[in-house]
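I sat down with this model today and kept short notes as I went. Here they are, in the order I looked things up.

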Amino acid sequence: MSAATTRSRTPDRLCAEAVDLARAAAEEAAAPGIVGEHVGVVSEGDRVVTHFFACRELGYRGWRWAVTVARASRAKIVTVDEAVLLPGPDAVLAPEWVPWSERLRPGDMGPGDLLPTDAEDLRLEPGYSGEDEPAPNSPVSHEMADLVEAEDADVTEEPPSRLAVTPSRGSIAAVAEELGMRRARVLSRYGLHTAADRWEDAFGPKTPMAQSAPAACVSCGFLVPVGGSLGQAFGVCANEFSPADGRVVSLAYGCGGHSEAAVMPRPPQPAPPVIDETRVDPFPLRPASDSGSVPVTEDESTAELGHS
């Protein structure tokens with residue numbers, strides 16, 4: 001180890017003793033009562049030392065006021081270079097900055113919010129390519145015109161390359177709009193897979209609800225099928241009592257509201273009354289003498305009072 005390296009790691013004596021000078025510089029930069037006790041000194045180089053003071057500012061736990069002092073060669077006067085607030089080893093720091101496009105999570109958008117889509121978004125792909133050129137398989141495309149000329153065949157009155165008016169891409173867009181397919185971009189295979197993985201995690205066969213379900217959604221009458229390739233694995237739940245009502249669910253998902261899992265039996269119906277119109281049931285006009293709760297007495301004196 002060289003002598004210069006040894007000197008740089010050993011704090012200069014005069015600079016290390018200038019604690020009061022460093023504290024005064026820190027108190028001048030900070031608010032009153034913010035600078036705490038002296039917590040250490042570090043050599044920054046030849047005759048350059050940094051003094052650390054505890055920070056009492058609320059919200060800056062573990063931060064330190066760092067005041068760097070130095071002196072010229074062969075000089076006995078120590079001067080202040082800078083005073084800054086720096087985080088210590090145990091300081092509470094803000095999380096690393098992340099771009100908004102990476103911070104955004106499902107459910108963060110609110111009414112009036114706009115989410116721009118990147119032109120190179122991997123989840124999307126062109127719905128149809130080209131704006132001014134006809135489709136490659138169109139009979140008026142340049143590729144087909146070259147092929148017709150090479151084979152010396154006429155599919156129209158003139159070669160396609162000599163047509164007076166070549167249909168523009170707008171006609172294809174008009175047909176696409178009529179068929180409901182005029183979208184500048186559609187989901188790519190990557191976009192389909194990410195959506196399927198997201199729905200599978202939320203309402204898939206591995207969820208606790210599906211694990212305890214009596215049957216899967218594929219046999220449920222409340223399942224509304226969806227079109228496209230995703231319809232082979234997903235549908236929309238239309239059971240208002242299901243936790244997945246109105247959500248895209250996997251066909252392997254299930255819940256206790258399955259339409260065929262527990263069919264309630266019909267309430268028992270009483271038998272129809274049987275009326276025998278050929279029989280006459282006699283009913284006495286007066287109750288029998290022995291129908292009461294009090295036995296009949298033979299005492300004539302009490303008989304006048306009656307009994308119940």
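Cavities came up early, so I wrote down the rule: on a 1 Å grid over the protein atoms alone, a cavity is a set of points where a 1.4 Å probe fits but cannot get out, and lining residues have an atom within 4 Å of a point. Grid points are joined across faces, edges and corners, and a volume is the space filled by probe spheres set on the points.

I noted that the model is predicted: local features need pLDDT of at least 70 and side-chain atom pairs 80 or more, while totals for chains, interfaces and linings use all residues. Residues are numbered from 1 along each chain as its sequence is written, and side-chain values use heavy atoms, without hydrogens and water.

How many cavities of 30 Å³ or more are there? I found 1. The largest cavity has a volume of about 80 Å³, and its lining includes Cys217, Cys220, Cys237, Cys255 and His258. By class, I read 6 nonpolar, 5 polar and no charged residues in that lining (Ala, Val, Leu, Ile, Met, Phe, Trp, Tyr, Cys and Pro are nonpolar, Asp, Glu, Lys and Arg charged, the others, Gly among them, polar).

Next I looked up Ser43, which sits in strand E1, residues 35–45 (strands are DSSP runs of E, at least two residues, numbered from the N terminus). Ser43 is buried, at 17% relative accessible area; buried means under 20%, with a 1.4 Å probe and protein chains only. A polar atom of the Ser43 side chain lies 3.4 Å from the backbone oxygen of Gly45.

Last, the whole chain: 23% of its 308 residues count as buried.

Technical notes
Helices (H or I, at least four residues) and strands (E, at least two) are DSSP runs, numbered from the N terminus. Buried means under 20% relative accessible area, exposed over 50%, partly exposed in between (1.4 Å probe, protein chains only). A polar contact is a pair of N or O atoms within 3.5 Å; within protein, one must be able to donate a hydrogen and the other to accept it, and residues adjacent in sequence count only if both atoms are side-chain atoms. On a 1 Å grid over the protein atoms alone, a cavity is a set of points where a 1.4 Å probe fits but cannot get out, and a pocket is an open set with protein on both sides within 12 Å along at least five of seven lines; lining residues have an atom within 4 Å of a point.
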